[in-house]
Amino acid sequence: MKIIVFGATGGVGQHFVEMAVAAGHSVTAFVRTPEKLKTTGVDIIQGDAFNAQQVADAIVGHEAVVSCLGSSTGMKKSNELETMGKNIADGMEKAGVKRLVYCASAGVDGEIPGIMGKMMMKMLANPLADHRAALNYYKSKGVVYTIARPMGLKDEPLKTDYKEAFDTVPKGSSTIPRASVAHFMVKALDDEKYENTSVGLCS
């Protein structure tokens with residue numbers, strides 16, 4: 001499959017690109033700083049996801065879009081993800097690309113139960129709202145989406161026995177390796193059971 005990846009030089013994105021290439025996909029990385037990309041055998045388009053025309057031009061000719069984008073503002077209020085998401089969704093519409101795999105965060109669906117869950121979602125309120133706004137816009141365009149909702153991300157070796165839960169939080173750890181999130185996203189790309197689903201992930 002011909003895939004274009006946004007956020008390819010981030011923590012999850014680097015793992016995704018490496019695994020997607022290893023799985024035989026044709027991968028394009030849309031990046032601001034190409035030298036940060038660690039994987040070889042990748043087509044590179046240098047650009048800015050805040051530039052709607054650059055994004056639209058880059059998406060043409062691909063079969064799927066993968067977003068591993070994160071906000072640069074931490075816990076502060078921001079619409080960065082919404083702005084970039086709108087550019088990507090509009091570009092997908094123009095190019096006739098329907099398939100989207102998107103890395104969000106646990107709590108984006110308001111799904112973490114209990115008092116601790118409410119506290120966590122309150123702490124993450126601003127980035128979650130930004131993800132939610134981006135996702136709502138994607139959905140308004142009729143994309144075929146898979147949303148990954150990982151618990152706390154850690155830089156640990158890949159574990160393939162991670163837990164998944166549709167529409168809720170899986171029982172298990174409160175963390176997951178970034179490599180495991182990338183593994184799920186590669187797996188979900190061409191598996192119909194993950195189409196139009198939101199999947200919680202933890203170790």
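**Ser67, Ile88 and the spaces around them**

In this predicted model, Ser67 makes contact with Phe6, Val101, Tyr102, Cys103 and Met185, when residues up to four places away in sequence are left aside. Ser67 belongs to strand 4, which covers residues 64-67, and with a relative accessible area of 1% Ser67 is buried, because that value falls under the 20% cut-off for burial.

Ile88 was examined in the same manner. This residue is placed in helix 3, formed by residues 80-95, and its relative accessible area of 0% makes Ile88 buried. The contacts of Ile88, again without residues up to four places away in sequence, are with Phe6, Val55, Ile59, Val65, Leu69 and Tyr138. Phe6 is thus listed among the contacts of Ser67 and also among those of Ile88. Between Ile88 and Met119 there are 31 positions in sequence, and their C-alpha atoms are separated by 31 Å in space.

With respect to enclosed space, the structure contains 1 cavity of 30 Å³ or more, and the volume of the largest cavity is about 30 Å³. Its lining is made up of Ser67, Leu69, Leu81, Met84, Gly85, Tyr102, Ala134 and Tyr138. Two or more residues of this lining are contributed by helix 3 and by helix 5 (125-140), and helix 3 provides the largest share, 3 residues. By class, the lining of the largest cavity comprises 6 nonpolar and 2 polar residues, with no charged residue. Ser67, a lining residue of this cavity, is in contact with Tyr102, which also appears in the lining, whereas Ile88 touches the lining residues Leu69 and Tyr138.

The largest pocket, for its part, has a volume of about 950 Å³. A total of 39 residues line this pocket, and those lying nearest its centre are Cys68, Leu69, Gly70, Ser71 and Leu81. The elements that supply two or more residues to the lining of the pocket are helix 1 (11-22), strand 2 (26-31), helix 3, helix 5 and strand 7 (152-154). In terms of residue class, the lining of the largest pocket consists of 20 nonpolar, 14 polar and 5 charged residues. Leu69 and Leu81 are named both in the lining of the largest cavity and among the residues nearest the centre of the largest pocket.

As to annotation, an unreviewed UniProt entry places the feature "domain: NAD(P)-binding" at residues 7-192. In the model, the C-alpha atoms at the two ends of residues 7-192 are 24 Å apart, and the span is 40% helix and 19% strand.

Technical notes: Residues are numbered from 1 along each chain as its sequence is written. This is a predicted model: local features need pLDDT of at least 70, side-chain atom pairs count only at pLDDT 80 or more; totals for chains, interfaces and linings use all residues. Side-chain values use heavy atoms; hydrogens and water are left out. UniProt positions are given in the numbering used here, feature names are shortened, and annotations may be inferred rather than shown by experiment. Helices (H or I, at least four residues) and strands (E, at least two) are DSSP runs, numbered from the N terminus. Buried means under 20% relative accessible area, exposed over 50%, partly exposed in between (1.4 Å probe, protein chains only). Contact means heavy atoms within 4.5 Å. On a 1 Å grid over the protein atoms alone, a cavity is a set of points where a 1.4 Å probe fits but cannot get out, and a pocket is an open set with protein on both sides within 12 Å along at least five of seven lines; lining residues have an atom within 4 Å of a point. Grid points are joined across faces, edges and corners, and a volume is the space filled by probe spheres set on the points. Ala, Val, Leu, Ile, Met, Phe, Trp, Tyr, Cys and Pro count as nonpolar, Asp, Glu, Lys and Arg as charged, and the others, Gly among them, as polar.
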